[in-house]
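Here are some comments on the model you sent, set out as numbered points. Please read them with the sequence and the structure open side by side.

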Amino acid sequence: MKKIITKIKKFQHFYPYTVAIVGAQAGKRLNYMACAWHTALSFEPPLFGILISKKRYTYQIISEAREFTANFISFDKVKLSAQMGRVSGSDTDKIKEFEVKLSPSKIIKSPVVEEAYVCFECRVADVRAYGDHDLFVGEVLAIHEEEGFSPEGVLEGGKIQPLLYLGSDFYITINPDTLKHVLPD
Ligand SMILES: Cc1cc2nc3c(=O)[nH]c(=O)nc-3n(C[C@H](O)[C@H](O)[C@H](O)COP(=O)(O)O)c2cc1C
């Protein structure tokens, strides 16, 4: 028998999700945060969405820059997720404090996070409020990928161990031994 909850306070049952470090540069202000609420929205054109609370400093920066990078990190970079996700750029220069290595983007002005295994350069195409978070829809203009992806952009099991978030500061990763390529017949 499943327990049925109708007074829903904090629902996190949908995890695990991968962690992206998202952020941008607006003039001299440069800031990134951990983001687990993200989703692909369209292949053609390539659209990628991130959900950001108005409370985040990153919200201001991305709103001003009208662009962002989404930088996916591996399990060994778990500390970076906590640093970028539990400290605000409104009172700490996280890039300096946590020695985050950045490198220039190809198309947009905001840098990518060097230690990520894949980075998306996105230009904001739309912003819409959904409850306490806003959905920033980014058009993906460039993808920086480390070795470990197939030509179709599929993560090849074992080469990269993505960081997966379980909610409430718990993390896990994949077991490459479970990899299966399954077709319907
Ligand atoms: C793993 C993880 C995932 C997170 N995902 C999101 C998210 O998707 N959207 C959001 O608004 N905040 C999310 N947060 C919270 C922000 O990252 C956090 O409040 C951060 O300190 C904001 O930094 P800023 O004020 O410098 O923007 C997440 C935190 C963690 C640890």
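**Notes on the predicted model**

1. I begin with the hairpin of E9 and E10, where two residues lie between the strands and Gly 131 takes a positive phi near 60°. Please keep in mind throughout that this is a predicted model.

2. The two strands of that hairpin, E9 and strand E10 (residues 133–145), pair in the antiparallel sense, and twelve bridges connect them. To find the register by eye, one can start from Cys 119, which stands opposite His 144 in E10.

3. Strand E9 (residues 118–130) also pairs with strand E6 (residues 67–72), again in an antiparallel arrangement, with six bridges between them. A convenient reference here is Phe 68, which has Cys 122 of E9 opposite it. When tracing such positions, it helps to recall that in a regular strand the side chains alternate between the two faces of the sheet.

4. Elsewhere there is an open sheet of three strands, which come in the order E1-E11-E12 with antiparallel pairing. Its edges are strand E1 (17–18) and strand E12 (170–172), each of which pairs on one side only. Between E1 and strand E11 (residues 164–167) there are two bridges, and Thr 18 stands opposite Leu 164 in E11.

5. Turning to the ligand, which residues are the closest to it? They are Asn 31, Thr 58, Ser 88, Gly 89 and Lys 94, within a surrounding set of 23 residues. By residue class, this shell divides into twelve nonpolar, eight polar and three charged residues.

6. Oxygen atoms of the ligand have polar partners in both the backbone and a side chain. A backbone N or O atom of Gly 89 lies 2.6 Å from a ligand oxygen, and a backbone N or O atom of Ser 53 lies 2.9 Å from a ligand oxygen. For Lys 94 the partner is instead an N or O atom of the side chain, 2.8 Å from an oxygen atom of the ligand. As for the ligand's surface, it exposes 640 Å² when taken alone, and the protein buries 93% of that.

7. The space that the ligand takes is the largest pocket. Which elements give two or more residues to the shell around the ligand? They are two strands, E3 (29–35) and E5 (47–53), together with two helices, H1 (57–65) and H2 (78–86). I would suggest showing these elements alongside the ligand in any figure of the site.

Definitions and conventions. Residues numbered from 1 in each chain as written. Predicted model: local features only at pLDDT ≥ 70, side-chain atom pairs only at ≥ 80, totals over all residues. Heavy atoms only, no water. Near = heavy atom within 4 Å. Polar contact = N/O pair within 3.5 Å; in protein donor to acceptor, adjacent residues only side chain to side chain. Areas by Shrake-Rupley, 256 points an atom, 1.4 Å probe, with all protein chains shown as cover. 1 Å grid on protein atoms, 1.4 Å probe; cavity = no way out; pocket = protein on both sides within 12 Å on 5 of 7 lines; lining within 4 Å. Sits in = over half its atoms within 2 Å of the grid points. Helix = DSSP H or I, 4+ residues; strand = E, 2+ residues; numbered from the N terminus. Nonpolar A, V, L, I, M, F, W, Y, C, P; charged D, E, K, R; others polar. Pairing = 2+ DSSP bridges.
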